[in-house]
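Here's a quick briefing to read with the model open beside you. Have a look at the fold first, then work through the notes by topic.

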Amino acid sequence: MNERIDKSLDASGLMCPEPVMMLHKIMREASAGNLIEVIATDPSTLRDIPKFCLFLGHELVSQKEQGDQYFFYIRKN
């Protein structure tokens with residue numbers, strides 16, 4: 001990701017629903033257009049974070065897996 005990341009959330013080691021709850025808090029604090037990076041290790045985030053974005057209208061810019069970590073880049077709308 002070569003865009004500037006405005007906020008980062010490291011939810012490594014946390015299990016559902018904690019990563020999404022923490023993401024929800026960060027999104028409330030972020031400004032429209034901010035790019036948020038989420039790092040997680042819980043496989044359920046592969047389902048939960050895209051649904052979170054879809055339901056709340058945020059843009060899932062990209063996601064990737066690296067080893068046992070999952071990276072999500074979300075733009076707040």
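What follows is a short tour of the sheet, the helices and a few individual residues.

Keep in mind that this is a predicted model. At its heart for this briefing is an open sheet of 4 strands with mixed pairing, in the order E1-E2-E4-E3. Helix H1 (residues 18-29) and helix H2 (residues 45-56) pass each other with axes that come within 10 Å, and H1 lies across E1, E2 and E4.

**The sheet**

- Going along the order E1-E2-E4-E3, the twist averages 15° from one strand to the next.
- The edge positions go to E1 (7-11) and E3 (59-66); each has a single partner strand, so one side of each is left without a neighbour in the sheet.
- E1 and E2 (residues 35-40) run parallel and are joined by 5 bridges. Looking for a landmark on this pair, you'll find Ser8 opposite Glu37 in E2.
- E3 and E4 are the antiparallel case, with 7 bridges between them. Here the landmark is Gln63, which stands opposite Phe72 in E4.
- The hairpin of E3 and E4 has 2 residues between the strands, and Gly67 takes a positive phi near 65° there.

**Helices on the sheet**

- H1 runs at about 165° to E1 while lying across E1, E2 and strand E4 (69-75).
- H2 also packs on the sheet, where it touches E2, E3 and E4. Its direction makes about 5° with that of E4.

**Helix against helix**

- How do H1 and H2 cross? Their axes cross at roughly 35°, and the crossing is right-handed.
- On the H1 side, the contact is made by Pro19, Val20, Leu23, His24 and Met27. H2 brings in Thr45, Asp48, Ile49, Phe52 and Leu56.
- By type, the residues of this contact split into 7 nonpolar, 2 polar and 1 charged.
- One of the H2 residues in the contact is Asp48. Is Asp48 buried or exposed? Asp48 has a relative accessible area of 16%, so it counts as buried.
- Leaving aside residues up to four places away in sequence, Asp48 touches Cys16 and Val20.

**Met21 in H1**

- Met21 sits in helix H1 and counts as exposed because its relative accessibility is 55%.
- From Met21 to Ser31 you go 10 residues along the sequence and 18 Å through space, C-alpha to C-alpha.

**The cysteines**

- How many disulfides are there? The count comes to 0.
- Cys16 is in no disulfide, and the nearest cysteine sulfur, that of Cys53, is 15 Å away.
- Why no bond for Cys53? The closest cysteine sulfur, in Cys16, is 15 Å from the sulfur of Cys53, which is too far for a bond; the cut-off is 2.5 Å.
- The accessibility of the two cysteines is worth a glance too: Cys16 counts as partly exposed at 44% relative accessibility, whereas Cys53 counts as buried at 2%.
- Cys16 also ties back to the helix story, as one of the residues that Asp48 touches.

Definitions and conventions. Residues numbered from 1 in each chain as written. Predicted model: local features only at pLDDT ≥ 70, side-chain atom pairs only at ≥ 80, totals over all residues. Heavy atoms only, no water. Buried < 20%, exposed > 50% of the residue type's maximum accessible area, 1.4 Å probe, protein only. Axes fitted to C-alpha atoms, helices over the stretch in contact; angles between N-to-C directions. Left-handed = near helix turned anticlockwise from the far one by under 90°. Contact = heavy atoms within 4.5 Å. Nonpolar A, V, L, I, M, F, W, Y, C, P; charged D, E, K, R; others polar. Pairing = 2+ DSSP bridges.
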